[in-house]
Amino acid sequence: MIQGRTDWTRDEISALFALPFNDLLFEAQTVHRANFPRNEVQLSTLLSIKTGGCPEDCGYCSQSTAAESGVKATKLMDVRAVLQSAAQAKDAGSGRFCMGAAWRNPKDRDMPALVEMVKGVRAMGMETCMTLGMLSESQANTLAEAGLDYYNHNIDTAPENYANIISTRTFEDRIETLEAVRAAGINVCCGGIVGLGETREDRIGFIHALAAMPHPESVPINALVPVKGTVLGDMLADTPLAKIDEIEFVRTVAVARIALPQSMVRLSAGRESMSEACQALCFMAGANSIFTGDKLLTAPNAGDDKDGALLSKLGLKPMIAQPHGHLEAAE
Ligand code: SAM
Ligand code: DTB
Ligand code: SF4
């Protein structure tokens, strides 16, 4: 398990957000250098192994049955097809393969196929990650025994904002699954979304909640991809809130880096419409992981050509293995 103080107060997080931008970035970059190789970025690839038809009503999501987004529901993919896709990701230089399913929770009858997927991807020498909704303790243990390295389960937003975004489950449900995952010995990937129309206070509450739990090994920070037909995509369209202010986004990344010094901070959804300059500032602010490829789960992603060019311009190299446990800067 990674280290990091969990006694952050809300006021301390709030004070970080309020710092002059240069001071905030300087502090975040200093924390980053003390904990990670300073010019390395971890690369993960996503695959939607079961798309759409999800009974949850997350207001941002194209895969909810509550959305009229045109996303077609599919069955769970064949193990063979998943492994083919993982092999392509490995060839493209990705170090971690993340398999996502649009479920409230997996059914026990799905577990044997999921276990085969984990074993197959691991056998290729990649790290494995899954995000399948809520897990029971026994499902978490089954995935751990199969060798699952990471489980992604986001808190998404501040506890006090949760019910404004999702009504079919509670923040506490999320915490229960995270505890089951942690207890099973699987690394935790937990973050959330900004640009939901939330306030600065909500962003403070979001980072504070992450910093107050045993720190997740990975923290994805998504910028809302507004999808037509989703509650939030439609509500925010054509309003000034339709896109998170880029400076506020960089601030959020920087505060996450400072409050969660040993967590990998991943620039996740929304990079496709972000300028190179904004992404460069995010790396300066301590982000050190991205999703590669031209597709996330259903939404477009920047793509390998654009990313290759950006990383090369910035002199950033792919991170081969995570440096957890090696706390001195590598260079
Ligand atoms: N169904 C699983 C769950 O919710 O735990 C896993 C997949 S879900 C798509 C993973 C995360 O993707 C969500 O928690 C949310 O943070 C992010 N996400 C989903 N739709 C998004 C969108 N339109 N824009 C930005 N992030 C999004
Ligand atoms: C996370 O926080 N972001 C990824 C991953 N975890 C599974 C998913 C982003 C999804 C973006 C919307 C889509 O592709 O539909
Ligand atoms: Fe379902 Fe996950 Fe989308 Fe929520 S975010 S609707 S749980 S697929």
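This is a short dialogue on reading a ligand site and a buried arginine in a predicted model.

Biologist: What should I know before I start?

Modeller: This model is predicted, with local features needing pLDDT of at least 70 and side-chain atom pairs pLDDT 80 or more, while totals for chains, interfaces and linings use all residues. Residues are numbered from 1 along each chain as its sequence is written, chains are lettered from A and ligands numbered from 1 in the order in which they are written, and side-chain values use heavy atoms, leaving out hydrogens and water.

Biologist: Which residues come nearest to ligand 2?

Modeller: A residue is near a molecule if one of its heavy atoms lies within 4 Å of it. Here 13 residues surround ligand 2, and Asn 154, Asn 222, Leu 297, Thr 298 and Ala 299 come nearest.

Biologist: How many residues of that shell are nonpolar, polar or charged?

Modeller: Ala, Val, Leu, Ile, Met, Phe, Trp, Tyr, Cys and Pro count as nonpolar, Asp, Glu, Lys and Arg as charged, and the others, Gly among them, as polar. The shell has seven nonpolar, six polar and no charged residues.

Biologist: What lies 2.8 Å from an oxygen atom of ligand 2?

Modeller: A polar side-chain atom of Asn 222 does. An N or O atom in the side chain of Asn 154 is also 2.8 Å from an oxygen atom of ligand 2.

Biologist: Is Arg 203 buried or exposed?

Modeller: Buried means under 20% relative accessible area, exposed over 50%, and partly exposed in between (1.4 Å probe, protein chains only). Arg 203 has 9% relative accessibility, so this residue counts as buried.

How values were computed: Polar contact = N/O pair within 3.5 Å; in protein donor to acceptor, adjacent residues only side chain to side chain.
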